[in-house]
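I pulled this one up to look through the fold piece by piece. These are my notes, in the order I checked things.

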Amino acid sequence: MLILAIDTALDACAAGVLQTDSATMLAQQSLPMQRGHAEALVPLIARVIAEADISFEALDRIAVTTGPGSFTGLRVGLSAARGIALAADRPVVGLTTLAAFAAPLVGETAGDPILSAIDARHDQIYYQVAGGDGTTLLRPRVAPLDEAIAAALRFGAPRLVGNAAQLVAERWPSDAPQPVSVDAQPAPDIAWVAWLGAAVTPENSPARPYYLRPPDAKPQIPVLQFAASPSA
């Protein structure tokens with residue numbers, strides 16, 4: 001399959017094209033940014049498609065991160081992915097940022113749990129815990145940092161990954177088994193977003209925002225609203 005992967009959920013604007021038959025990223029680009037995804041994404045996707053030397057119609061699937069993350073950023077990525085899927089008449093799938101962070105570590109050491117952590121601000125994190133074989137030990141949730149650490153400790157010393165990995169490591173109790181590794185990435189590797197996109201099915205991985213709490217930023221709603229907007 002040819003997979004176009006898109007990620008704007010956190011502090012990067014990224015896209016890439018994966019050819020699964022040859023296990024090759026034909027093209028990929030990632031720009032670090034906290035704001036400005038809306039202006040940067042479409043030109044970035046155009047460059048990636050041109051570098052891969054394919055057309056949008058050649059794609060088999062579009063994959064996009066759905067959160068947790070920036071309310072504005074993930075909406076930009078989802079809108080672009082849906083638009084391309086509609087225009088090219090191709091399916092679109094959604095992957096959580098927590099799963100994308102954990103994916104590179106799955107299978108490295110079967111006995112070590114993986115704690116994916118994203119900064120939710122206000123001394124809270126979005127997190128999930130997976131086994132080294134990829135099984136789910138704790139489903140995605142949001143919690144105060146110390147509460148999340150206490151929950152993760154039930155499974156032993158983990159590998160920490162995500163943009164809050166260093167934050168978690170700094171608060172880790174000194175009398176507890178220490179993290180095996182700390183991989184503080186600002187955003188997931190776009191290649192792993194693509195591989196996850198190839199592995200899931202559109203029926204089970206909808207491309208809609210994955211919220212664990214109400215967004216801090218809310219769109220302006222007119223006083224007179226004649227028709228409710230459809231939920232994502």
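I began with strands 2 and 3, which run antiparallel and are joined by eight bridges. To get the register, I looked up Cys-13 and found its bridge partner in strand 3 to be Leu-31. Helix 1 packs on this sheet and touches strand 1, strand 2 and strand 3. I noted its direction at about 25 degrees to that of strand 2. Helix 2 also packs on the sheet, touching strand 1, strand 4 and strand 5. The direction of helix 2 makes about 170 degrees with that of strand 4. A reminder to myself: this is a predicted model.

Next I wrote down the whole sheet. It is open, has five strands in the order 3-2-1-4-5, and its pairing is mixed. Which strands stand at the edges? They are strand 3 (24-32) and strand 5; each has a single partner strand, so one side of each has no neighbour in the sheet. From one strand to the next the twist averages 15 degrees.

**Strands 4 and 5**

I then followed the chain through this end of the sheet. Strand 4 (residues 61-65) and strand 5 run parallel, with four bridges between them. Ala-63 stands opposite Val-93 of strand 5. Between the two strands the chain passes through helix 2 (residues 71-88), and this β-α-β crossover is right-handed.

Are the faces of strand 5 covered or open? Both are covered: Val-92 and Gly-94 are buried on one side, Val-93 and Leu-95 on the other.

I also checked the loop between strand 4 and helix 2, where Pro-68 is found. The peptide bond joining Gly-67 and Pro-68 is cis, with omega at about 0 degrees.

Thr-97, in helix 3, touches both Gly-67 and Pro-68. The contacts of Thr-97 also include Asp-7, Ala-9, Leu-10, Thr-65, Ile-118 and Pro-188, leaving out residues up to four places away in sequence. I got a relative accessible area of 0% for Thr-97, so it counts as buried.

**Cores**

The largest nonpolar core has 39 residues. Which of them touch the most other members? I listed Leu-4, Ile-6, Val-17, Ile-45 and Ile-62. Elements that each supply at least two residues include strand 1 (2-7), strand 2 (12-19), helix 1 (37-52), helix 3 (97-102) and strand 6 (114-121).

I took Val-17 as my example. Setting aside neighbours within four places in sequence, its contacts include Leu-2, Ile-3 and Leu-4, then Thr-24, Met-25, Leu-26 and Ala-27, and also Val-48, Ile-49, Ala-52 and Ile-54.

There is a second, separate core of 18 residues, and Ala-117, Ala-152, Ala-165 and Trp-172 are among them.

**The other sheet**

I went on to an open sheet of five strands in the order 8-7-6-9-10, again with mixed pairing. Strand 8 (136-144) and strand 10 (181-183) are at its edges with a single partner strand each, so one side of each is left without a neighbour in the sheet. Neighbouring strands here are turned by 15 degrees against each other on average, direction ignored.

Inside this sheet, strand 6 and strand 7 (residues 124-130) run antiparallel and are joined by seven bridges. I found Ala-130 in strand 7 to be the bridge partner of Ile-114. Helix 4 (residues 145-153) lies across strand 6, strand 7 and strand 8, and runs at about 160 degrees to strand 8.

Two backbone angles made me stop. Arg-121 lies in strand 6 and has a positive phi, near 65 degrees, though it is not a glycine. Arg-121 is exposed, with a relative accessible area of 59%. His-122 is in the loop between strand 6 and strand 7, and its phi is positive too, near 55 degrees. His-122 is exposed, at 63% relative accessible area.

**Whole chain**

Last, I took the overall numbers. I have six helices and 10 strands in the protein. Of its 232 residues, 47% are buried. The radius of gyration is 18 Å, which agrees with the value near 17 Å for a compact globule of 232 residues. The C-alpha atoms fill a box of roughly 55 × 55 × 30 Å along the principal axes. Among contacts with a separation of 6 or more, 59% are between residues 24 or more positions apart.

Conventions
Residues numbered from 1 in each chain as written. Predicted model: local features only at pLDDT ≥ 70, side-chain atom pairs only at ≥ 80, totals over all residues. Heavy atoms only, no water. Buried < 20%, exposed > 50% of the residue type's maximum accessible area, 1.4 Å probe, protein only. Pairing = 2+ DSSP bridges. Right-handed = clockwise from strand over helix to strand, strands pointing away. Core = buried A, V, L, I, M, F, W, Y, C linked by side-chain atoms within 4.5 Å. Contact = heavy atoms within 4.5 Å. Axes fitted to C-alpha atoms, helices over the stretch in contact; angles between N-to-C directions. Rg over C-alpha atoms; globule rule 2.2 N^0.38 Å.
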